[in-house]
Amino acid sequence: MGATVDWLRTSTPGLLVLCGLAIAVLLLAIIKIKLEPFVALLLTGLLLALAAGLPVAEIVGTPLKAGESLLETGFGSILGHIAVIIGLGTVLGAILERSGGADVLTDKLLRVFGEKGAPIAMGLLGLIFGIPVFFDIGIFVLAPLIYVAAKRGGRSLVLYAMPMLAGLSMTHAFLPPHPGPVALGGLLGVSLGWLILMGFVCGIPGFVAAGIVWGSYIGKRVQVSVPEEFVPLEPDTGDEGGGAAATAVVTKSPPSVGLIGAIIAIPLVLILGATFGYQLLDQDSTLLQVLTFFGTPAVALLITVLVAFYLLGIRRGSSVQELSIITAESLKPVGMVLLVVGAGAFFGKVISATGIGTALADTMSAAGLPVIVLAYLISCGLRIAQGSATVAIVTTGGIVAPLVAEQHYSQMAIALIAMAIAAGSIILSHVNDGGFWIIAKYFNMTVKQTLQTWTVLETILSVVSFAVAALLFSIV
């Protein structure tokens with residue numbers, strides 16, 4: 001018995017078995033037993049940590065100090081980044097929708113692309129907005145548009161959400177200024193210019209295959225309705241609180257497309273300014289400090305919310321009290337989203353703490369595979385094991401960098417290896433990925449439906465993009 005336990009905790013095959021069993025138990029608890037995902041993730045994560053032999057103090061801390069435990073850092077690492085962003089993004093979406101702004105934008109898109117082309121329009125929206133905006137921020141800002149398009153089109157939410165998500169995911173994985181691709185530039189010694197060029201060359205075919213082709217196919221087969229808690233409340237003349245607020249904002253004439261576009265552009269411009277300012281300006285310059293402060297996602301979204309409050313609310317006759325009611329109503333469903341995402345991050349952190357990522361990477365490095373295939377497989381393994389695309393990219397880049405340096409590849413060839421790493425980092429998004437739970441909750445899908453739609457989408461995007469990179473690498 002003791003030998004078996006040691007094998008599970010210390011050997012690479014044993015760690016793989018332990019990790020696989022934990023994921024299987026989690027899926028069983030959620031899909032079959034119907035346990036709430038937040039509870040299932042927390043319970044399974046604790047059980048896995050104990051089974052892997054991690055010290056109790058490392059798992060939950062001590063009675064006097066728990067701040068550095070896996071439980072608290074697992075939740076804190078993700079919630080510290082997304083809690084404010086989710087809250088502000090939700091409020092921004094609510095005021096845009098209550099003012100009629102989301103309808104105006106959706107109407108414009110439908111007029112340009114037509115009713116049948118609406119999913120393509122949403123995909124292009126995700127692709128364009130995803131370049132300067134992090135993946136999760138893009139979801140929070142664009143989700144209201146997806147809800148409106150689905151309601152107006154009368155078809156499954158999946159049909160409209162998948163193309164948008166494919167666009168956001170492609171830009172997050174393959175294109176600077178996102179952290180993964182930028183890190184690869186430094187690790188592998190390749191210019192950002194080549195990364196951008198090869199990112200589009202390899203990523204666009206994957207986006208089309210996953211977002212447009214697969215999104216259209218699965219969107220007709222998985223029927224998901226818009227979650228009621230995210231649908232604007234109808235005016236209620238019998239309620240002096242929420243009804244008055246809804247009437248005050250909704251009954252005004254809708255704002256112009258230009259105004260809505262300008263408001264949505266504010267966080268994009270601020271975040272983009274900080275990103276490129278950091279690369280172009282002196283690190284001690286006052287201008288960079290200003291750009292960094294206003295370009296921090298939370299600050300940028302706060303400024304945008306305040307501007308939206310004034311231009312879409314106060315200037316159009318709404319009071320601060322009415323806007324506060326809208327804010328409170330919009331934030332009600334956020335609590336469970338945060339709990340589930342935090343629990344998912346904790347589960348992923350426990351898996352990482354078992355040491356399976358390092359063991360898996362070392363085993364593959366010794367297998368003698370071609371560099372570009374090796375890079376893709378290591379990145380895939382790390383992604384599947386611990387859930388974070390950025391962690392998979394950075395870790396794989398550090399492993400592959402010495403092998404790349406020995407071969408004296410051209411800049412284009414190195415950029416293609418980087419694209420293989422990026423492609424591997426998004427494969428098979430599942431229950432240990434915080435983004436999986438954000439998408440499940442925001443787009444009203446069960447775990448099974450999220451696996452059928454989002455997980456397959458990410459895998460198609462990964463495989464097709466890697467195939468393009470491998471083909472070009474064989475030529476150059």
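**View 1. Helix 3 (37-51) and helix 4 (56-60) each put at least two residues into a nonpolar surface patch.** Helices here are DSSP runs of H or I with at least four residues, numbered from the N terminus. The patch is made up of L28, I33, L35, V39, L43, L47, L50, V56 and V60, and together they offer about 770 Å² of accessible area. Helix 3 gives the largest share, 4 residues. Over in helix 4 sits V56, which counts as exposed because its relative accessibility is 53%. A quick word on the terms: a patch takes residues with over 30% relative accessible area and no salt bridge, joining nonpolar side chains (Val, Leu, Ile, Met, Phe, Trp, Tyr) within 5 Å and like charges within 9 Å. Areas come from the Shrake-Rupley method with a 1.4 Å probe, and for residues only the protein chains shown count as cover. Buried is under 20% relative accessible area, exposed is over 50%, and partly exposed is in between (1.4 Å probe, protein chains only).

Before moving on: this is a predicted model, where local features need pLDDT of at least 70 and side-chain atom pairs count only at pLDDT 80 or more, while totals for chains, interfaces and linings use all residues. Residues are numbered from 1 along each chain as its sequence is written, and side-chain values use heavy atoms, with hydrogens and water left out.

**View 2. R383, D433 and E458 are joined by side-chain salt bridges.** A salt bridge here means a side-chain nitrogen of Lys or Arg within 4 Å of a carboxyl oxygen of Asp or Glu. D433 and R383 meet at 3.2 Å, N to O. D433 sits in the loop between helix 21 and helix 22 while R383 belongs to helix 19 (residues 371-386), so this pair ties together parts that are 50 residues apart in sequence. Both D433 and R383 are buried. R383 also pairs with E458, this time at 3.5 Å, N to O. That contact links distant parts of the chain, with R383 in helix 19 and E458 in helix 23, 75 residues apart. R383 counts as buried because its relative accessibility is 3%, and E458 is buried too, with a relative accessible area of 2%. Through shared partners, the salt bridges join R383, D433 and E458 into one network.

**View 3. E36 and K441 make a salt bridge between their side chains.** The N to O distance is 3.8 Å. E36 is in the loop between helix 2 (12-32) and helix 3, and K441 is in helix 22, so the pair ties together parts that are 405 residues apart in sequence. E36 is partly exposed, at a relative accessible area of 31%, and K441 is partly exposed as well, at 26% relative accessibility. The count for the structure comes to 3 salt bridges.

**View 4. G435 sits in helix 22.** This glycine is buried, with a relative accessible area of 13%. G435 and G387 are 48 residues apart in sequence, and their C-alpha atoms are 8.8 Å apart in space.

**View 5. L428 and N444 both show a positive phi without being glycine.** For context, most residues other than glycine have a negative phi. L428 comes in at about 50 degrees. Look for L428 in the loop between helix 21 (411-424) and helix 22 (434-442); with a relative accessible area of 36%, L428 is partly exposed. For N444, phi is near 60 degrees. N444 is placed in the loop between helix 22 and helix 23 (447-475), and at 33% relative accessibility N444 counts as partly exposed.

**View 6. The largest cavity holds about 50 Å³ of space.** The structure has 2 cavities of 30 Å³ or more. A cavity is a set of points, on a 1 Å grid over the protein atoms alone, where a 1.4 Å probe fits but cannot get out; lining residues have an atom within 4 Å of a point. Points are joined across faces, edges and corners, and the volume is the space filled by probe spheres set on them. Lining the largest cavity are F129, V133, I137, G138, V141, L142, I264, P267, L268, I271 and L301. Helix 8 (135-153) and helix 13 (257-280) each supply at least two of the lining residues. By class, the lining has 10 nonpolar residues, 1 polar and no charged ones. In this scheme Ala, Val, Leu, Ile, Met, Phe, Trp, Tyr, Cys and Pro are nonpolar, Asp, Glu, Lys and Arg are charged, and the others, Gly among them, are polar.

Definitions and conventions:
On a 1 Å grid over the protein atoms alone, a cavity is a set of points where a 1.4 Å probe fits but cannot get out, and a pocket is an open set with protein on both sides within 12 Å along at least five of seven lines; lining residues have an atom within 4 Å of a point.
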